[in-house]
Amino acid sequence: MASAFHVPPSEDAVSRWTLAGAGSALSDAHCHVQALSAAAWAQRRQALLAAGVCRMLCCGTGPDDWDAVARRAAGAGPPFVVPAYGVHPWTVRDGACGWEEALRNRLAANPSAWIGECGLDETAHAEPGAAAAAARDAVLALHLRLAAELGRPLVLHAAGPGAAARLLQTLRPWRAAHPGHPGGIIHGLVTSPELARAFRALGFRVGVGAAILDPRRRPRLARMLAGFSPADLCPESDAAGERLPEIFAALRCLVR
């Protein structure tokens, strides 16, 4: 049955954040400018404008920062801030905790809002233990249900030794059940070339951040991105846009 909140999926909602879709302007496909004070944001905004940044995808991490995300998105642009609302795997402790309806209402109130940052994490930042891992799986499933129901793109996190492979295993049947969904962005992906290509085959772009500027990490990213086009990659600062021009330049040199 169709949802009252349903928004028709649009491939363009994702492609505009890619290296190809940005054109001569800069788009930050993953930032957390909600963490800045009003004064710091005003100062940062001027620097972003001077650098040519036209839009930013501001990713929430949980109910505690959704209001701050909404405030940044409500400000007059440019750079225009698009909100994403979700529960980051680092903040998951015991599964869904009564925020599901609040998340649905946030998304219903803004048809351009994405879902995220959400996903899987197997690093030291995440709560240890099998119960916590199961809770993260349940929270991810909730986000995927909402994304399918509302037709919203996703910002997906996959960090740690096996997180990317497990996320891919989750997405394959989900994508098969929802072939018209616009997909989204796998944030900060660092994995094998085979897994990276598999995500792209499912309709997800790859987010690339400051790791591309690290001489020690750049060779692995170059191998992972071999054969990718500018339309496959989304530059992201994962902060407040400070290094976005450098990230764009490095990616443009790497992928032509």
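Author: A nonpolar core is a set of buried Ala, Val, Leu, Ile, Met, Phe, Trp, Tyr and Cys residues joined through side-chain atoms within 4.5 Å, where buried means under 20% relative accessible area (1.4 Å probe, protein chains only). This is a predicted model, in which local features need pLDDT of at least 70, side-chain atom pairs count only at pLDDT 80 or more, and totals for chains, interfaces and linings use all residues. Residues are numbered from 1 along each chain as its sequence is written, and side-chain values use heavy atoms, with hydrogens and water left out.

Reader: OK, so how many residues does the largest nonpolar core have?

Author: The largest nonpolar core has 63 residues, and L154, L156, L167 and L171 have the most contacts (heavy atoms within 4.5 Å) inside it. Helix α5, residues 130-150, gives the most to this core, with 8 residues; helices here are DSSP runs of H or I with at least four residues, and strands are runs of E with at least two, numbered from the N terminus.

Reader: And what does L167 touch?

Author: Leaving aside residues up to four places away in sequence, L167 touches L120, L140, L156, H157, A158, I186 and F199. Apart from the largest core lies another, of 11 residues, including W17, C59, W114 and V155.

Reader: Different topic: which elements have the lowest and highest mean pLDDT?

Author: On this confidence score, which the predictor gives each residue from 0 to 100, helix α1 (residues 12-15) has the lowest mean among the elements, 88, and strand β6 (residues 184-187) the highest, 98. The protein chain averages 91, with 94% of the residues scoring at least 70.

Reader: Where does pLDDT stay under 50?

Author: That is the case over residues 1-9, for which the model has 17 contacts beyond four places in sequence. Where pLDDT is low, the predicted coordinates should not be read in detail.

Definitions and conventions:
Buried means under 20% relative accessible area, exposed over 50%, partly exposed in between (1.4 Å probe, protein chains only).
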